Amino acid sequence: MNIKNNHDLIHQLEWRYAVKKFDSQKKIHKEDWAAIEKSLVLTPSSYGLQPWKFIVVQSPETRKKLTPLSWNQTQVEDCSHFVVFANLSKLDQRYIEDFIALTAKTRGVAEEKLEGYKKMMLTNLLHGERSQHLNEWATRQCYIALGNLMTTVAVMGIDACPMEGIEPQKYDEVLGLKGTAYQTSVACAVGYRSAEDFYAKLAKVRFNPEAVVTYK
Ligand SMILES: Cc1cc2nc3c(=O)[nH]c(=O)nc-3n(C[C@H](O)[C@H](O)[C@H](O)COP(=O)(O)O)c2cc1C
């Protein structure tokens with residue numbers, strides 16, 4: 001699917017819906033998945049800190065364990081790729097220092113030149129008011145990645161279902177996140193809709209633009 005104009009873009013966004021029933025026989029091609037993975041990694045984040053892990057659950061056994069922890073939603077096992085977004089729940093000085101070192105190396109600048117940037121992050125996220133809400137902050141970043149994923153796949157003509165109907169703490173146990181610096185925030189099933197998915201036929205329910213968009 002190539003987006004050549006605004007009409008095509010809107011068409012794909014209207015085509016997208018939260019899939020309830022995937023065609024379990026249809027798998028995403030390797031090259032397409034590589035582009036989707038890249039789009040996850042390219043997601044912007046506050047300060048650029050990328051406080052996340054994207055866990056692509058491929059093992060059928062693990063997915064089977066996750067189904068009852070997902071309100072028994074069938075998408076977990078029927079989709080092609082099941083992505084769990086885990087957010088950083090503990091941020092420390094080391095994380096910020098490593099990120100500064102990466103930025104310096106990537107951009108060919110001396111780390112000393114990034115001292116102000118580093119200080120700002122330390123002050124705001126480690127020592128400031130936001131340090132009390134770090135988990136929420138990192139979770140929000142994961143939701144940006146979720147939005148990015150949904151739009152990317154819609155443009156590619158690939159389906160998805162964002163999933164908050166999960167038990168994050170139990171996911172952490174199954175995925176081995178317990179005791180790590182990361183915890184489950186949300187998930188997304190990606191693949192191809194089943195021809196039998198009744199939800200594909202439903203009209204979109206959205207407020208009028210005038211009700212939600214204002215220009216001042
Ligand atoms: C963050 C988030 C979590 C959601 N969780 C679920 C879920 O667990 N299961 C499900 O079937 N749909 C889930 N949905 C889908 C919404 O119900 C759906 O996006 C909404 O009703 C709008 O419909 P549409 O996406 O088909 O346009 C979720 C959507 C979002 C954005």
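The following dialogue examines how terms are applied to one predicted model.

Student: What is the overall make-up of the protein?

Tutor: The protein holds 9 helices and 4 strands. Read from the N terminus, these elements follow the order α-α-β-α-α-β-α-α-α-β-α-β-α. The C-alpha trace spans about 60 × 45 × 35 Å along its principal axes. Of the 216 residues in the protein, 38% are buried.

Student: Why is Glu196 called exposed, and what is Lys21 called?

Tutor: The word exposed applies over 50% relative accessible area. Glu196 has 61%, and therefore counts as exposed. Lys21 has 33%, which lies between the limits of 20% and 50%, so Lys21 is partly exposed.

Student: What makes the pair of Glu196 and Lys21 a salt bridge?

Tutor: A salt bridge requires a side-chain nitrogen of Lys or Arg within 4 Å of a carboxyl oxygen of Asp or Glu. The closest N and O atoms of Glu196 and Lys21 are 4.0 Å apart, and the pair is counted as a salt bridge. Glu196 lies in the loop between strand E4 (182-191) and helix H9 (209-212), while Lys21 lies in the loop between H1 and H2, so the pair ties together parts that are 175 residues apart in sequence.

Student: How many salt bridges does the structure hold?

Tutor: The structure holds 6 salt bridges. One of them joins the side chains of Glu136 and Arg140, with an N to O distance of 3.9 Å. Another is formed by Glu173 and Lys178, whose closest N and O atoms are 3.7 Å apart. Because the cut-off is 4 Å, both pairs qualify.

Student: How are Glu136 and Arg140 placed relative to each other in helix H7?

Tutor: Glu136 and Arg140 are 4 residues apart in helix H7, and so are separated by about one helical turn. Glu136 has a relative accessibility of 48% and therefore counts as partly exposed. Arg140, at 46%, is also partly exposed. Lys178, by contrast, reaches 60% and is therefore exposed.

Student: What is Ile144 called, buried, partly exposed or exposed?

Tutor: Ile144 has a relative accessibility of 39%, and the class between 20% and 50% is partly exposed, so that term applies. Ile144 is placed in helix H7 (residues 134-156). The C-alpha atom of Ile144 is separated by 7.2 Å from that of Thr43, although the two residues are 101 residues apart along the chain.

Student: What makes Ile10 eligible for a nonpolar surface patch?

Tutor: A residue in a patch needs over 30% relative accessible area. Ile10 has 43%, so this requirement is met, and Ile10 counts as partly exposed. Ile10 lies in helix H1 (residues 6-15). Together with Ile3, Leu9 and Leu13, Ile10 makes a nonpolar patch of about 280 Å².

Student: Why is the phi of Gln50 remarked upon?

Tutor: Most residues other than glycine have a negative phi. Gln50 is not a glycine, yet its phi is positive, near 50°. Gln50 is in the loop between helix H2 (30-41) and strand E1 (52-57). With a relative accessible area of 32%, Gln50 is partly exposed.

Student: What is the phi of Asn72, and where is Asn72 found?

Tutor: Asn72 has a positive phi of about 55° although it is not a glycine. Asn72 is found in the loop between helix H3 (60-66) and helix H4 (75-78). At 54% relative accessible area, Asn72 is over the limit of 50% and is therefore exposed.

Student: Which residues come nearest to the ligand?

Tutor: There are 14 residues around the ligand, and Arg16, Ala18, Gln73, Lys204 and Arg206 come nearest. By class, this shell has 6 nonpolar, 3 polar and 5 charged residues. Strand E3 (residues 159-163) gives the largest share of the shell, 3 residues.

Student: How do you know that Arg16 makes a polar contact with the ligand?

Tutor: A polar contact is a pair of N or O atoms within 3.5 Å. An N or O atom in the side chain of Arg16 is 2.8 Å from an oxygen atom of the ligand, so the pair meets the cut-off. A polar backbone atom of Ala18 is 2.9 Å from an oxygen atom of the ligand. A backbone N or O atom of Glu164 lies 2.9 Å from a nitrogen atom of the ligand. The protein covers 66% of the 620 Å² of accessible area that the ligand has on its own.

Technical notes
Residues numbered from 1 in each chain as written. Predicted model: local features only at pLDDT ≥ 70, side-chain atom pairs only at ≥ 80, totals over all residues. Heavy atoms only, no water. Patch = residues over 30% accessible without salt bridge, like charges linked within 9 Å, V, L, I, M, F, W, Y side chains within 5 Å. Areas by Shrake-Rupley, 256 points an atom, 1.4 Å probe, with all protein chains shown as cover. Helix = DSSP H or I, 4+ residues; strand = E, 2+ residues; numbered from the N terminus. Buried < 20%, exposed > 50% of the residue type's maximum accessible area, 1.4 Å probe, protein only. Near = heavy atom within 4 Å. Polar contact = N/O pair within 3.5 Å; in protein donor to acceptor, adjacent residues only side chain to side chain. Nonpolar A, V, L, I, M, F, W, Y, C, P; charged D, E, K, R; others polar.
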